[in-house]
Amino acid sequence: MDVVTSPKHNVPMKSAEIIAEEESPKHNVETACAKTLEESNVEEIKTVETRDEDVYPKPIVETEDIIDEMESIDIHNEDKTVSLECETQQDKMLSPSNDDDDDDEHDSESSHDSKDDVDEDETMDGKEKPKPDSPDSNPSTSAWTEKAAAIKKFVRLKSEVAVHTVMRRLSGRMNDENGVYDARDDATKSVESPKTEGKSSIWNPLSYLKMMQNDTVDKVEVKNVEEAELEPVVMKGRIILYTRLGCEACRECRLYLHGKRLRYVEINIDIYPSRKQDLEKIGGSSSSDVPKVFFNEELVGSVKEIKELDESGELDEKIKHLIDEASPREAPLPPFSGEDDASSKGHVDELALIVRKMKPCIVKDRFYKLRKFKNCFSGSDAVDFLSSDQCLERDEAIEVARKLASQLFFQHVLEENLFEDGNHLYRFLDDDHVVSSQCHNIPRGIIEIKPRPIAEIASRLRLLYRAILEAYTSPDGKHVDYRSIHGSEEFARYLRIIQELHRVQLVDMSREEKLSFFINLYNMMAIHAILVWGHPAGPLERTKMFGEFKYVIGGYTYSLSAIQHGIIRGNQRQPYHLAKPFNEKDKRSMVALPYAEPLSHFAMVCGTRSGPPLRCFSPGEIDKELMEATRDFLRGGGLLVDLSSKVAYISKIFNWYAVDFGNGEKSVLKHASTYLEPQISEELLDVLVDTQFRVVYQTYDWGLNH
């Protein structure tokens, strides 16, 4: 056993081997590993260098094994190696052996307490005195050298502690000395590799990668469990629910089936009138006696009867039968495509047949006024074709061409005239680049059925929109089941209805008809955009959805922004824009309302959580319904008033469209206060007379309202 005596205190000092034996088993393993590495390094210097790959083949490891190996790296040993290589000749002469230095460095790194100073003094005292002929033989010079070495070690150790502390804070891991418990510590310890067992508990920044992986796995597992709990029961059979519009019992039945996680097919007898007879035949009761629920071919009854079965325990047996048994032939069938749909019925438009024959013969790319126009035709070519195909005189052919233009089959490429015989260029509606690339209600080109009046189309659209809201949204209208809407027959019918909007006439609509029609269309158009493009993730995606998702209506294209700001707001500039949606020459400005409708902001829904709830609007009661929508939105959290502190928390909508509600925050508050509870409204108006309220705009949540 080697013992070193301190020349200063004449006290025996323990060597590195003795200290290593008295340490914990974890340190014993580390010291043993260090000694083995040191001996192997000496042997490698004396012998021919041998490649590790030749003796120990490199195994194929996965990502987690690589992380485990990186965690096992002792960053302090690497620092010690670098520091030992960078020592000067004077530092090497101050110590009789490297074991003492290694032992002191190991002790200082494994524990940060007051013993560090004592070890440093003992190490400095144990240094070998310089030779007489060396420049350090002077006692004063030797003392300064010892102090410099001590300062160097002290700075290095404190720097390591500071760096490790910063890395812990950045990774969210607190220092053990702070006494703060972090749940991720246990998770990290539980996944440590066996390779790191027995090593010192020195934190390695690379271990945070493993923590992040574990956190991600845990979150995914929790999410999968939650989704599994919400997923409907998988069954071979089929549940049919008969309902009708405005039925409270039907709404209660939907909620009850949702609570049981039972997927069903809803048949609204107001949307599918032919199913009334089937209901009377199968159910043996009046068609007005709804809801009616069928489990395969068995009539279960209404929601009251389902609850009775649930209480007696028979409902579980019927559900088990649905899971195991497929639906027989005698069971009611789901609605088939096009059932009771007026969109696929109607008189054939003879002008549409002429256009279909005309397009392949005269359409091509042409030059006009030093510009190239694609997929167009000249007026003279159109007259020539009509004259030969329809056996008409030229004047008669010109009149037929003008009739085609007035029916919105085509228009001038520069909108200079309706139709003229000559070199003027015209383009068919479905050949326009914007219409074919951005409009989502013209997938098959021009339809051959005569266009119906806009009032009839709006009525059918309103009826279908109401059925979709009752079947696929929450009772308060704030949550939408987009997945069920996408696969429903109601949405497929909606897609067929909006194809009839290509050539409708909008100019003759009244204010009430325009408001109800375009608000309902805007809300369904936003749902359509989310189903096609997905929910926009950021400002750029929202700008694209509002500006580039379009319908062609009455021969012109309308985006969500054009409907909201161009028509409903009376052609007003939208927030953060300099130009109006429609310029003076834009014929769409003829459809715009004469003035902005401020209450429409609480009726139009673009699929966000902070937006108003969905509801259906009718032309006969549009003003009353807009006031109800505004009242429900503001009383539901759109305006919160703290009279004691004189602060009003108001929706961001009032900030974006302040020009629609008045000039200044005081005018906005007065306008909004009229829709609050009477008592709060009176108190707020009384305070606003003499006191200036501070307005705080609420943060707008752009998340999806699903």
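A residue is taken as buried when its relative accessible area is under 20%. By that criterion His528 is buried in this predicted model, because its relative accessible area is 5%. His528 belongs to helix α23, which spans residues 511-533. The side chain of His528 forms a polar contact of 2.6 Å with the side chain of Tyr551. Beyond residues up to four places away in sequence, the surroundings of His528 consist of His440, Phe491, Tyr494, Leu495, Ile498, Phe549 and Tyr551.

Helix α23 also enters the account of the nonpolar interior. In soluble globular proteins, nonpolar side chains tend to be buried together. The largest nonpolar core holds 93 residues, and the members that touch the most others are Leu521 and Tyr558. The greatest contribution to this core comes from α23, with 12 residues. With neighbours within four places in sequence left aside, Tyr558 is in contact with Leu506, Met525, Phe549, Lys550, Tyr551, Ile553, Ile563, Ile567, Phe582, Arg588 and Val591. Two residues of this list, Phe549 and Tyr551, also touch His528. A second core, separate from the largest, has 22 residues, among them Ile354, Ala382, Ala401 and Tyr426.

Two open sheets are described next. One has four strands in the order β4-β3-β5-β6, and its pairing is mixed. Strands β4 (265-268) and β6 (298-301) have a single partner each and stand at the edges, so one side of each lacks a neighbour in the sheet. With direction ignored, neighbouring strands of this sheet are turned against each other by 25° on average. Strand β3 (residues 239-243) runs parallel to β4 and is joined to β4 by four bridges. Within this pair, Thr243 has Asn268 of β4 as its bridge partner.

Two helices lie on this sheet. Helix α14 (residues 303-312) lies across β5 and β6, at about 95° to β6. Helix α15 lies across β3, β5 and β6 and runs at about 55° to β5.

Loops flanking these elements contain two acidic residues of note here. Asp289 is located in the loop between α13 (275-283) and β5 (292-295). Asp289 counts as partly exposed because its relative accessibility is 39%. The C-alpha atoms of Asp289 and Arg244 are 9.6 Å apart, while the two residues are separated by 45 residues in sequence. Glu339 lies in the loop between α15 (314-324) and α16. Glu339 counts as buried, because its relative accessibility is 3%. A polar contact of 3.4 Å links the side chain of Glu339 to that of Ser274. Apart from residues up to four places away in sequence, Glu339 touches Tyr272, Ser274, Arg275 and Arg493.

The other open sheet also has four strands, here in the order β7-β8-β10-β9 with antiparallel pairing. Its edge strands are β7 (364-368) and β9 (410-412), each of which pairs on one side only. From one strand to the next, the twist averages 55°. Helix α16 (residues 350-362) packs on the sheet through contacts with β7, β8 (371-378) and β10, and its direction makes about 125° with that of β10. Helix α17 (residues 379-390) lies across β7, β8 and β10 as well, running at about 15° to β8. At the β9 edge, three bridges join β9 to the antiparallel strand β10 (residues 425-428). Gln411 stands opposite Arg427 of β10.

The cysteines were examined last. A disulfide is a covalent bond between the sulfur atoms of two cysteines. With a cut-off of 2.5 Å between cysteine sulfur atoms, the count of disulfides is zero. Cys253 is in no disulfide, as the nearest cysteine sulfur, which belongs to Cys250, is 7.3 Å away. Cys253 is buried, because its relative accessible area is 1%. Cys391, in contrast, is exposed because its relative accessible area is 68%.

Terms used
Residues numbered from 1 in each chain as written. Predicted model: local features only at pLDDT ≥ 70, side-chain atom pairs only at ≥ 80, totals over all residues. Heavy atoms only, no water. Pairing = 2+ DSSP bridges. Axes fitted to C-alpha atoms, helices over the stretch in contact; angles between N-to-C directions. Contact = heavy atoms within 4.5 Å. Buried < 20%, exposed > 50% of the residue type's maximum accessible area, 1.4 Å probe, protein only. Polar contact = N/O pair within 3.5 Å; in protein donor to acceptor, adjacent residues only side chain to side chain. Core = buried A, V, L, I, M, F, W, Y, C linked by side-chain atoms within 4.5 Å.
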